[in-house]
Amino acid sequence: MGESITEGTILNWMVGEGESFEEGDILVEVATDKVDNEVPAPTSGTLIKTFFNAKDVVPVGEVIAILEASGEQKATKETPKKETQKKVETPKIKAPKLEQPTQVSNSFSVSNSNTFFSPLIISIAKEHHISFEELARIPATGTEGRLRKSDVFNYINQGRPYKFAQPVVQDPTAYRIPQLNLDKGKGKIVEMDRMRQMIADRMVYSKHTSPHVTAYVEADLTDMVNWRNANKKAFQEKHGEKLTFTPLFVEAVAKAVKDFPMINVSVDGSNIIVKEDINIGMATALPTGNLIVPVVKNADTKDLKQLAVDVNALASKARDNKLSGDDIKGSTFTISNVGTFGSLMGTPIINQPEVAILALGIIKKRAEVLETEEGDEIAIRSMMYLSLSFDHRVVDGYLGGSFLRRVADYLEQFDSNRTL
C-alpha cells in the first residue's frame, strides 16, 4: 500500500464469512490516505473469519481475516494462532472523560471529543509519558474523530504544546475563539464523504501550520501557445500522446526549481529538509468534485515526450479512480491549473509538507502594448496570470518572487523553433 502507510480503513468486505471465492476475486476494499485499494484473493478458497468491520481503522501488519485455501485441511474458526488472537482481541482503553472542553493559555480550545484510544496509541503515550488528559487535547484526524499514530507523533514533534496546560479561568483581556451560535440556514443535508473530510482537515491544517503569502505575475505565452497549436497533431501522430499545456508547465516549473532549490523543501521543527528529487504534484479534480494530487516523479530528468506520457497516464487514472498509493506519494512541489475551470487566477493552499504551490490561470487573449524598434505597438497576445502561495516561515518575498518570475520567464522565452 506504500512505504509511508501506517494504517488503513476497512471500507467494505466484498466476501462474507463462510463464502467461497476464486483467485483474483476482490476480498476487501481498504482506504489509505486518499487512495482506495482493492485487495485480491491470493488463491481460491473460503473466508473463515473477519476480525474488523467496515470503517474500522487498522494498523499495518494486523491480521484482518482468516482464509482457507481450496484443498487445505479445514481451519478451525475458534482457534486462530494464540499470538494473532491476542493481538486482535486487545481491548481498546477508555480515557477519563473531560468535564468540559479544555482551553489552554497558549492556544485555542483543542478538546478532543474522542475518548477511546487504540492499544497502539496507549503504547506510544506510555513511552512518552503522555497522560490521557493530554491525549484528549491532541487534534485527531482519523475516521470518526479517532486519534491516529501520525497525530501523536506530529504533536510530539511540535514540542507537546499542551503538556503543562491546565484548565484556567479565561482572562477577559485574552483573545479566544468566540463560540457563536450562527444561523446556518435550512436546506438539504449532504454528508461529507471520507475524501472530502480528509481534504477539509488537510486544508485547515495547512492554513494553521503555514503563514501563507501569495505573489502574482503575468506571462506572455503567445509563442508557446502558437507552437503547441502548430505541433499538437504531429506530436500525437509521432508519440501516440496528446500534447496538453500541463507537460509544458511541468517542464518550466522543474527548471525553475533547479534554479531555486530552497523552494523544494519541507520544514521539520527547526530544520529545513532540502529535497534531492524534484517531484511535481498536479492538483487534479475527480469526477466527484474532490481533489487529488498525482505526482510526476523526477520531472527535471524527463523530456517532453515522457512528461506527456506521465501526465496523461496520471490524469486518466484519476478520472477512473485507479490511482495507486505510489502515484500520489513523494510530491515536493505542487501546481494547480485553475485556468482549466476558467479562473483568471487563484490563491492556492499549500500542499503540506511542501512550502509552496503554484496556480496557473486561464490563457486569455488580450490587447497588449509591445515595445518594438519602431516604437510602442498594440498587439493581440495570449496572456496568463501565475500566483505562488508560499510558507513565509522559510520562504521570504525575495525567494518566492524570484522563483515565480523565473517560471514566467521560462514560459515566455519558449523556443518557437523547437523540434519534436
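This is a short walk through one protein chain, from its overall make-up to a few of its helices, strands and single residues.

Hello everyone, and thanks for coming. Please keep in mind that what you see is a predicted model.

Let me begin with the whole chain. There are 9 helices and 20 strands in it. Of its 420 residues, 39% are buried. If you take the contacts with a separation of 6 or more, 61% of them link residues that are 24 or more positions apart. The accessible surface is about 24,400 Å², and carbon and sulfur atoms hold 50% of that.

Now to helix H6, which covers residues 222-239. Its 18 residues reach 24 Å from the first C-alpha to the last, close to the 26 Å expected at 1.5 Å a residue. Still, please look at Asn231, where a kink of about 50° is centred. Asn231 also belongs to the buried set of H6, together with Thr222, Met224, Val225, Trp227, Arg228 and Phe235. What do the buried residues of H6 pack against? Two strands are on the list, S10 (212-220) and S20 (375-391), and so are the helices H7 (245-259), H8 (304-319) and H9 (397-412). After H6 comes Gly240, with a positive phi near 70°.

Helix H4, residues 149-157, also has a buried set: Asp151, Val152, Tyr155 and Ile156. Why do these lie on the same side of H4? Because they cover an arc of only 135° around the axis. Their cover includes helix H2 (119-127) and helix H3 (132-135). A glycine follows this helix as well: Gly159, whose phi is positive, near 90°.

Let me stay with helices for one more residue. Ser206 sits in H5, which spans residues 194-209. Is Ser206 buried or exposed? Its relative accessibility is 0%, so Ser206 counts as buried. Setting aside neighbours within four places in sequence, Ser206 is in contact with His212, Ile349, Ile350 and Gln352.

For contrast, please find Asn321, in the loop between H8 and strand S17 (333-336). Here the relative accessible area is 54%, and over 50% is what we call exposed, so Asn321 is exposed. Its C-alpha is 7.9 Å from that of Leu286, although 35 residues separate the two in sequence.

On to the strands. Strands of a sheet pair through backbone hydrogen bonds, in either a parallel or an antiparallel way. One open sheet here has 3 strands in the order S2-S5-S7, with antiparallel pairing. Which strands are at its edges? They are S2 (20-21) and S7 (65-69), each pairing on one side only. S2 joins S5, residues 45-50, over 2 bridges in the antiparallel sense. If you want a residue pair to look for, Ser20 has Thr46 of S5 as its bridge partner.

My last stop is the hairpin of S11 and S12. S11 takes in residues 265-268 and S12 residues 271-274, and 4 bridges join these antiparallel strands. Asp268 stands opposite Asn271 in S12. There are 2 residues between the strands, and in this hairpin Gly269 has a positive phi near 65°.

If you take two pictures home, let them be H6 with its kink centred on Asn231, and H4 with its buried residues on the same side. Thank you, and I am happy to take questions.

Definitions and conventions
Residues are numbered from 1 along each chain as its sequence is written. This is a predicted model: local features need pLDDT of at least 70, side-chain atom pairs count only at pLDDT 80 or more; totals for chains, interfaces and linings use all residues. Side-chain values use heavy atoms; hydrogens and water are left out. Buried means under 20% relative accessible area, exposed over 50%, partly exposed in between (1.4 Å probe, protein chains only). Helices (H or I, at least four residues) and strands (E, at least two) are DSSP runs, numbered from the N terminus. The arc is that of the directions from the helix axis to the C-beta atoms. Contact means heavy atoms within 4.5 Å. Two strands pair if DSSP finds at least two bridges between them. The expected span of a helix is 1.5 Å times one less than its number of residues. The bend at a residue is the angle between axes fitted to the seven residues ending there and the seven starting there. Accessible areas come from the Shrake-Rupley method with a 1.4 Å probe; for residues, only the protein chains shown count as cover.
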